[in-house]
Amino acid sequence: MTPFDFEEPIRTERVLMRLLTEADIDAVYSYQSRDDVCRYLLFEPRDRETVAAKVREHATHSRLEKDGDYLQLAVERVADGRVLGDMYITVKSAENQTLELGWTFHPDAHGQGFASECATALLRLAFDRMGAHRVIAELDPRNEGSIRLCTRLGMREEAHFREDLWFKGEWADTGVYAILDREWRALGA
Ligand SMILES: CC(C)(COP(=O)(O)OP(=O)(O)OC[C@H]1O[C@@H](n2cnc3c(N)ncnc32)[C@H](O)[C@@H]1OP(=O)(O)O)[C@@H](O)C(=O)NCCC(=O)NCCS
């Protein structure tokens with residue numbers, strides 16, 4: 001798999017994805033502090049201090065090469081410069097040429113296709129630029145919005161683990177969705 005250095009924003013039709021900066025802390029706090037947004041995320045709603053520390057940490061990650069390398073990108077709407085959410089891409093297994101995607105958007109930005117637009121651009125990065133073999137997404141199977149997004153992207157459900165996770169005070173399931181390079185090419189996206 002070809003390593004990737006994040007050097008310039010990734011443009012789509014309506015947004016650009018770029019590295020987070022200190023100036024994004026309030027925007028990220030506005031959604032990461034919400035119960036509804038965090039319901040199926042692995043963390044509880046965050047206070048501003050925690051968001052600030054995370055944003056500073058994420059801003060230092062700009063290369064995808066080894067297992068665990070990640071980019072956490074701000075999604076900025078081109079029309080008004082507003083940060084709508086963030087996208088995550090990580091090297092799950094360099095040896096097996098597998099990347100993983102994640103997504104979180106402010107509820108004001110849901111239902112307009114922004115997450116699909118960003119995820120499609122990251123699939124393009126994964127398959128076309130890096131030469132990945134497989135891209136996955138892990139989710140809580142109760143997260144219908146996330147499942148619809150995976151399906152829209154052409155990902156298939158590959159696994160449904162029963163109560164594999166002690167999550168926010170209860171046992172929860174994990175769903176794994178995936179798309180292979182040849183499936184991506186067949187979509188002609
Ligand atoms: C998961 C999440 C990112 C999905 O967001 P979303 O806005 O539903 O996803 P999309 O950007 O793909 O938008 C698709 C919706 O917009 C609609 N839409 C409107 N204009 C569109 C366009 N131009 N292109 C595509 N879809 C469009 C689609 O019909 C679809 O609606 P539907 O889901 O009711 O069928 C969002 O719910 C979220 O941030 N949740 C909180 C965090 C979270 O749980 N993250 C996932 C952890 S695994």
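A polar contact is taken here as a pair of N or O atoms within 3.5 Å. In the model, which is predicted, local features need pLDDT of at least 70 and side-chain atom pairs count only at pLDDT 80 or more, whereas totals for chains, interfaces and linings use all residues. Residues are numbered from 1 along each chain as its sequence is written, and side-chain values use heavy atoms, with hydrogens and water left out.

Such contacts to ligand oxygen atoms involve the backbone of phenylalanine 114, where a polar atom is at 3.0 Å, the backbone of alanine 115, with an N or O atom at 2.7 Å, and the side chain of arginine 148, with an N or O atom at 2.7 Å. The ligand taken alone exposes 950 Å², of which the protein buries 70% (accessible areas by the Shrake-Rupley method with a 1.4 Å probe).

The shell around the ligand comprises 20 residues (a heavy atom within 4 Å of the ligand), the closest being Gly111, Ala115, Ser116, Arg148 and Arg152. Two or more shell residues are given by each of strand E7 (98–105), helix H4 (114–129), strand E8 (134–139) and helix H5 (144–152), these being DSSP runs of at least four residues for helices (H or I) and at least two for strands (E), numbered from the N terminus. The largest share, four residues, comes from H5.

For residues 15–183, an unreviewed UniProt entry lists the domain "N-acetyltransferase", an annotation that may be inferred rather than shown by experiment. Over this range the chain is 30% helix and 37% strand.

Note on methods
Polar contact = N/O pair within 3.5 Å; in protein donor to acceptor, adjacent residues only side chain to side chain.
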